[in-house]
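These are my notebook entries on a structure that I had not examined before. I began with the overall fold and then turned to helix pairs and single residues.

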Amino acid sequence: MTQKSSLTGMVIPVALFLVLELLVTQLGVYQVLNIVYYDFNLTQFETNFLFKISELVVVIVLNHLITKQVFYMNRSFTVWDYAFWLLIIAMALPFLKTPNLIISLATGVMGGFSEEFLTRGVLLGKFLGYALRNGYSYRKLVESVVFSNLIFAFLHFTNLSHSSLRYVLVQIVLSFFGGLAYSALYVQTGNIWYSIALHFATDFMRTANDMSQIQDGRFESMALLALNYLKIGLILYVFWPRKKEPALVNRIQIDRMN
């Protein structure tokens, strides 16, 4: 197979997937939920929650039909895995006392699942799978992460229908750089549940803190600080130039041989 045909075999399914995902969610799901919003007197938050859950279903179905990218979900536990999950729980605990617990948890679900399956599960998986066709290199890993995060960031331009350009540009910048930490975790563990957990914890903790009557309490501030240091540490550790292949690369290469 030539390099050109291999590239075409990756680009066409991804482009078709993205176009259909936008059409179904923005012209289909969004319009249906807009009717439901008025007919059933839903709150804006309830409508947004239903939209994100519907988006998750659309991503999974379209991936099954078009891109056929494997979502890597299994991993053997080590002491570092136990440490990670204990840290996530410890950081989230101070925010369980928020008076808006359900809304905060639901916000974590909205971002943590649909966005991770789309960006890390489908896009990063496809780009990295293509990049590894002739072997692994650090440059290929970084390019796959950057391209997948850029595409997801630029998808926020669809929000111009109901948000200002300035707000959308801020979303694009935050989603790109925030996505680097989630990508780093997926690359290092080879398990999408880890990036989902970190994304969920981030959205849950920040929403709970913003909606709490006592913002930035002592323990809450420490937890948010730990979260930021964790993300920075992940980015520096995983994307520091090295020859060793991370877990996600190994899993993709094993699938390629089988």
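**Entry 1. Overall fold**

Reading from the N terminus, I noted the order of elements in the chain as α-α-α-α-α-α-α-α-α. The count I recorded is nine helices and zero strands. I keep in mind throughout that this is a predicted model.

I next looked up how compact the chain is. Its radius of gyration is 19 Å, close to the 18 Å that the globule rule gives for 258 residues, so I entered the chain as being as compact as a globular protein of that length. For the extent of the C-alpha trace along its principal axes I wrote down about 60 × 45 × 35 Å.

How much of the chain is buried? I found that buried residues account for 45% of the 258 residues. I also looked at the sequence range of the contacts: of those between residues at least 6 apart in sequence, 80% join residues at least 24 apart.

**Entry 2. Helix 4 and helix 5**

I then examined the pair formed by helix 4, residues 101-131, and helix 5, residues 138-154. Their axes come within 9 Å and cross at roughly 140°. I recorded the crossing of helix 4 past helix 5 as right-handed.

Which residues make this contact? From helix 4 I listed Glu-115, Leu-118, Thr-119, Arg-120, Leu-123, Leu-124, Phe-127, Leu-128 and Ala-131. From helix 5 I listed Lys-140, Leu-141, Ser-144, Val-145, Phe-147, Ser-148, Asn-149, Ile-151 and Phe-152. Sorted by class, the contact of helix 4 with helix 5 holds eleven nonpolar, four polar and three charged residues.

**Entry 3. Helix 7 and helix 8**

The second pair I looked up was helix 7, residues 192-211, with helix 8, residues 218-238. The two axes come within 11 Å of each other, and the crossing angle is roughly 150°. Helix 7 and helix 8 are therefore roughly antiparallel to each other, since the angle is over 145 degrees. I noted the passage of helix 7 past helix 8 as a left-handed crossing.

On the side of helix 7, the residues that meet helix 8 are Leu-198, Thr-202, Met-205, Arg-206 and Asn-209. Their partners in helix 8 are Glu-220, Ala-223, Leu-224, Leu-227, Asn-228, Leu-230, Lys-231 and Leu-234. By class I counted seven nonpolar, three polar and three charged residues in the contact of helix 7 with helix 8.

**Entry 4. Two buried residues**

I selected Gly-129, which lies in helix 4. Is Gly-129 buried or exposed? Its relative accessible area is 14%, so I marked Gly-129 as buried. Setting aside residues up to four places away in sequence, I found that Gly-129 touches Ile-252 and Arg-256. I also looked up its separation from Ala-90, which is 39 residues away along the chain: the C-alpha atoms of Gly-129 and Ala-90 are 35 Å apart.

My next choice was Gln-253, placed in helix 9, residues 247-257. Gln-253 is buried, because its relative accessible area of 18% is under 20%. Apart from neighbours within four places in sequence, Gln-253 is in contact with Leu-132, Gly-135, Tyr-136 and Glu-245.

**Entry 5. Residues in loops**

I turned to the loop between helix 1 (3-39) and helix 2 (44-67), where Asn-41 is placed. Asn-41 has a phi near 55°, a positive value in a residue other than glycine. With a relative accessible area of 67%, Asn-41 is exposed.

The loop between helix 2 and helix 3 (79-92) contains Lys-68. For Lys-68, too, I noted a positive phi near 55° in a residue other than glycine. Lys-68 counts as exposed at 57% relative accessibility.

Arg-75 also lies in the loop between helix 2 and helix 3. I entered Arg-75 as partly exposed, with a relative accessible area of 30%. Which residues does Arg-75 contact, leaving aside its neighbours within four places in sequence? I listed Asp-81, Gln-188, Thr-189, Asn-191, Tyr-194 and Ala-247. Of these, I looked further at Thr-189, which is 114 residues from Arg-75 along the chain, with a C-alpha separation of 7.5 Å.

Terms used
Residues numbered from 1 in each chain as written. Predicted model: local features only at pLDDT ≥ 70, side-chain atom pairs only at ≥ 80, totals over all residues. Heavy atoms only, no water. Axes fitted to C-alpha atoms, helices over the stretch in contact; angles between N-to-C directions. Helix = DSSP H or I, 4+ residues; strand = E, 2+ residues; numbered from the N terminus. Parallel < 35°, antiparallel > 145°, perpendicular 65-115°, else oblique. Left-handed = near helix turned anticlockwise from the far one by under 90°. Contact = heavy atoms within 4.5 Å. Nonpolar A, V, L, I, M, F, W, Y, C, P; charged D, E, K, R; others polar. Buried < 20%, exposed > 50% of the residue type's maximum accessible area, 1.4 Å probe, protein only. Rg over C-alpha atoms; globule rule 2.2 N^0.38 Å.
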